[in-house]
Amino acid sequence: MPELPEVETIARGLARRVSGDVIESIWLGRKREPLKSSAREIAATLEHSRIAGVRRMGKHIVFDLEHQGVGSTETACTPTAQWIVHLGMTGRLQVCEPQAEVLKHTHAILKLASGMELRFVDPRRFGRLSVARVGGFDAGGIEPLEADLDRFLILFCGRKTPIKSALLNQKLLRGVGNIYADESLFRAGIRPRRRASNITRDQLAKLLASVKEVLEEAIALGGSSISDYVDADGEEGFFQLEHRVYGREGQPCLVCKTPIKRIVIAGRSSHYCPKCQR
Ligand SMILES: [Zn+2]
């Protein structure tokens, strides 16, 4: 499943390729699962819209659209709607030439004024396409890369759940996945099972810095392979940070050589160093 850094990389790659382009028409497949808004609503919103920009919100990719409809009274250059794509487990957005082979499990094809096509392919169909008015879409929680310390501290105030669960709670923080939560807790020296409400302000400050550091490192790693995500036949090949704890059960800690432990918290594997993390 694509995590926040992958989605950020994909959104940046798409922004470079399709910003400013106009959606001339859209074809939607017959499968219903990928459509969170109705096919009619999606088509009406996307067709004849100019893509003003593409960005990430949580793990969603948001296309800001300016309507170019005939007789439209909307002022140009003011996004009026959004197309929201969640990639689910296996969803992919491709920018390709119209003659490129249409892959199996293609659920949407947008014809762009530039002559290129933007396609949504998703074999397992956990991905979702929807549309909303500007401001109508709420990805929930706060954006970890934009969070300041005060907003971050409030998230954990009085929360009795393990800090690991709180980090994964999408209603609190947008898009921090299992791997990045484990890696951030290791760098901050906090055990995943610690009660969120018992962690000191200084430790939470360190944790916020670690979360940002881990996500930014992963985004930086992905920056060089953007084309892999959106090219016609692009292989997935998501980049990965060198994991310090995640998936390293029993292997020596890179700092103190103590074997890394694995425990299960709320059904998710959690990895930590019993010596470096308290
Ligand atoms: Zn250690």
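Below are worked exercises on a predicted model.

Residues are numbered from 1 along each chain as its sequence is written. In this predicted model, local features need pLDDT of at least 70 and side-chain atom pairs pLDDT 80 or more, while totals for chains, interfaces and linings use all residues; side-chain values use heavy atoms, without hydrogens and water.

**Exercise 1. Trace the pairing of strands E1, E2 and E3.**

Step 1. Take the elements as DSSP runs numbered from the N terminus: helices (H or I) of at least four residues, strands (E) of at least two. Two strands pair if DSSP finds at least two bridges between them.

Step 2. E1 (residues 22–28) and E2 (residues 49–57) pair in the antiparallel sense over 2 bridges. Ile23 stands opposite Ser49 in E2.

Step 3. E2 and E3 (residues 60–67) also run antiparallel, joined by 8 bridges. Met57 has His60 in E3 as its bridge partner.

Step 4. Look at the turn. E2 and E3 form a hairpin with 2 residues between them, and Gly58 in the turn has a positive phi of about 60 degrees.

**Exercise 2. Examine positive phi at His48, which is not a glycine.**

Step 1. Phi of His48 is about 65 degrees. His48 sits in the loop between helix H2 (39–46) and E2.

Step 2. Assign its exposure. Buried means under 20% relative accessible area, exposed over 50%, partly exposed in between (1.4 Å probe, protein chains only). His48 is partly exposed because its relative accessibility is 44%.

**Exercise 3. Describe the loop between E7 and E8 through Arg125 and Phe126.**

Step 1. Arg125 is a residue other than glycine with a positive phi near 60 degrees. At 23% relative accessibility, Arg125 counts as partly exposed.

Step 2. Arg125 and Glu33 meet in a salt bridge (3.1 Å, N to O). The term requires a side-chain nitrogen of Lys or Arg within 4 Å of a carboxyl oxygen of Asp or Glu. Glu33 lies in the loop between E1 and H2, 92 residues apart from Arg125.

Step 3. Phe126 is partly exposed at 45% relative accessibility.

**Exercise 4. Place the salt bridge of Glu143 and Arg174.**

Step 1. The closest N and O atoms are 3.3 Å apart. Glu143 lies in the loop between E8 and helix H3 (149–156), Arg174 in the loop between helix H4 (163–168) and helix H5 (178–188), so the pair ties together parts 31 residues apart in sequence.

Step 2. Glu143 is buried at 6% relative accessibility. Arg174 is buried at 14%.

Step 3. Widen the view. Glu8, Arg12, Arg56, Glu143 and Arg174 are linked in a network of salt bridges.
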